[in-house]
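I am opening a notebook page on a structure that is new to me. I want to record what I look up, one topic at a time.

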Amino acid sequence: MVLVLYLVLSLAMFWILRRNFIWNGDDIYYQFQRIMGLGFNFTDGLLTSNISPTNFGKMGYGVNIFYPWLTMIPFQLLYHVRGNWISAYYLGLLFYFMTSFLISHYSMKKFSGSSKLAVLFAIIYNFSTYRLIEMFTRASLAEYLASVFLPLCFVGFYQLFFSEGHQWKNLTIGLSLVIFSHVLTTFMTVILFILILAIWYYRIKFSKTLVLNTFKAMISTVMATLVFTVPFLSEEAYQKYSVPDPTKLKGLDFSALFQASLNNTSYRAIEGNTYNIGFILIVALLIGLVLFKKFSRTFKATYLMYIFTLVLTTNLFPWTILQNTPVQVIQYPFRFLLFATLFGSVVMAQEAAIIFQDSFEKRFVLMAIVLSIIAGGLWTASIQNAYPNSLLSKSQLIIDQRMINEDRIPDSYLAQYVPVREQKQIDSVEKHDVWVGNKESVQIPRADYKGNYFTFRHIRKNTKIDLPYVKYKYTNANIYGRPVTTNYSKRGSVEIIAPRNYNTMRIELSYGNRNLFILATSLSILAWIYLWFSEPIAQVLVRFKRKENNVEIVS
């Protein structure tokens, strides 16, 4: 019954959102290019290449080095099934709608011990306004995908540090999947973990089991994510990169946030909206003031975290004191609305159980249906009020099939994952300016199954060739299959010195450290096999041993 409900709700969300174009959200060009680039990488056998040979400026841009990509795989697989990027995008969202309902339910069931509370939480969380904003308005697909796994991440954290059994695998799985989705969300999650431990340390029951399982969780998370973190950390340690899209930390106006939440608005901030938590969670905030004494100790802590993370998003918090600290990397304090949404949804589910406790057991099915209609209706109304005559639906800006066919999706944020030494002359790289000796020309590299290649004629030995290609630690070059050294040119891009005379020269460029990346991928796969299958295998072995013992006793 619950699975049917979640499937129906997921399909409803899919049909309400789906069009024959992609809505023009804040970050849609960048995120959609990531999906398409990953698809080309799969097609050309470049799963571990970490660069984008066919888009992002066609300059060897390492988007998949710095931006997690594994949770994007379902979109790519669906493209190969459907053969259409727009259909693949919406079907991928459908997949994650259903996945989110299931993970939300499982997580709340583990947290509260109640299947009914799990249903209420799943409905509230998945129809929450800020998650709609993340997916639809901001089009920050990576952050939306991270929000799918956040409930599992936090319940795993709770199980490890604040429950009797000190279970650790849910934390490892949840945090690893957040890492595979969005680095900044991971960073913010860890900050909140540290704060929670600092505030409620007196509730932690220290034991050898806790220490051992904490160690297991840390090691397993590191192992499970090596496929992404090895290239990422290798490049970060190799050379300097600027902070992506640096901005001044500034919280939202609290009164504007409150009003926008009451109005349940989800249109774009550039058109005057204040990104918000929505009507239902503002109601949860107000009801919590009345019902706080009726909450258990755990739900009181959750409500306080809800208030705290909500305040973090506003000008009530003195963000200026953190401007020149590592926290600056979060860029926009309103990102904490994601965590306020998580905690607020937990609180709202508990409040509903308290308010309707007399009919909670007998009329729960009706209650779940009514909540689905209310939450889903607000979600739908927010979409319908957001897009008419707005940037979201402007015909010149939406991604339609014609824009895809004509390769007109704009490249964006190209400077943020380019080394600092190349920043000053990034424009010439984007224009594909080539210098062969002192001669300047323009050449757009072609893509093949390894990466990209350039062709030149009549090249003399020791000629310096400055290519419009980003130089990373593991950027490789070869000429007709023979490796050649890559150097930094004066503008910071890849430079090759011709090892001999050539009538025709083909320089092939790719990315990777084969042995290192195979090792990292293999260790990650082994870690995931252990996380998923170690307990079922152990249970089978225990049952088999019991049967053997029973046979011996009978004989």
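I began with the largest pocket, where 39 residues form the lining and L184, P244, Q331, Y332 and R335 lie nearest the centre. For my own reference, the search runs on a 1 Å grid over the protein atoms alone: a pocket is an open set of points with protein on both sides within 12 Å along at least five of seven lines, a cavity is a set of points where a 1.4 Å probe fits but cannot get out, and a lining residue has an atom within 4 Å of a point. I also note that the model is a predicted one, in which local features need pLDDT of at least 70 and side-chain atom pairs count only at pLDDT 80 or more, while totals for chains, interfaces and linings use all residues. Residues are numbered from 1 along each chain as its sequence is written, and side-chain values use heavy atoms, with hydrogens and water left out.

**Pockets**

I read the space in the largest pocket as about 1,000 Å³, a volume being the space filled by probe spheres set on grid points that are joined across faces, edges and corners. I looked up which elements contribute, and found that α2 (28–43), α10 (183–199) and α12 (226–238) each supply at least two lining residues, with α10 giving the largest share at 3 residues. These element names come from DSSP runs numbered from the N terminus, helices being H or I over at least four residues and strands E over at least two. By class, the lining of this largest pocket has 20 nonpolar, 9 polar and 10 charged residues, where Ala, Val, Leu, Ile, Met, Phe, Trp, Tyr, Cys and Pro count as nonpolar, Asp, Glu, Lys and Arg as charged, and the others, Gly among them, as polar.

The second largest pocket has a volume of about 830 Å³, and of the 31 residues that line this pocket, I173, L177, W528, L531 and W532 are the closest to its centre. Which helix gives the most to this lining? I found that α21 does, with 9 residues, and that α5, α8, α9 (169–179), α11 (208–224) and α21 (514–554) each supply at least two. The lining of the second largest pocket divides into 20 nonpolar, 7 polar and 4 charged residues.

**Cavities**

Next I turned to enclosed space, and the search of the whole structure finds 5 cavities of 30 Å³ or more. The largest cavity has a volume of about 350 Å³, and among the 20 residues that line this cavity, F111, F154, Y158, T302 and F343 are the closest to the centre. Two or more lining residues come from each of α5 (85–112), α8 (141–162), α15 (297–312) and α16 (337–355), and α8 has the largest share with 6 residues. I counted the classes here as 16 nonpolar, 3 polar and 1 charged.

The second largest cavity has a volume of about 80 Å³. Its lining has 13 residues, with F127, S128, T129, N264 and I280 nearest the centre, and by class they are 9 nonpolar, 4 polar and no charged residues. Both α14 (279–291) and α17 (364–386) supply at least two residues of that lining.

**Helix α13**

I then looked up α13 (residues 254–263), whose buried residues, meaning those under 20% relative accessible area with a 1.4 Å probe and protein chains only, are L257, A260 and S261. They lie on the same side of α13 because they cover an arc of only 100 degrees around the axis, the arc being that of the directions from the helix axis to the C-beta atoms. These buried residues pack against α14, α15 and α16, with contact taken as heavy atoms within 4.5 Å. The helix α13 is followed by N264, which has a positive phi near 60 degrees.

**Strands**

Last, I traced an open sheet of 5 strands, in the order β3-β4-β10-β6-β7 with antiparallel pairing, two strands being paired if DSSP finds at least two bridges between them. The edge strands, each pairing on one side only, are β3 (446–447) and β7 (482–484). Within the sheet, β6 (residues 475–479) and β10 (residues 502–511) pair over 5 bridges, and I479 stands opposite I507 in β10.

Note on methods
Buried means under 20% relative accessible area, exposed over 50%, partly exposed in between (1.4 Å probe, protein chains only).
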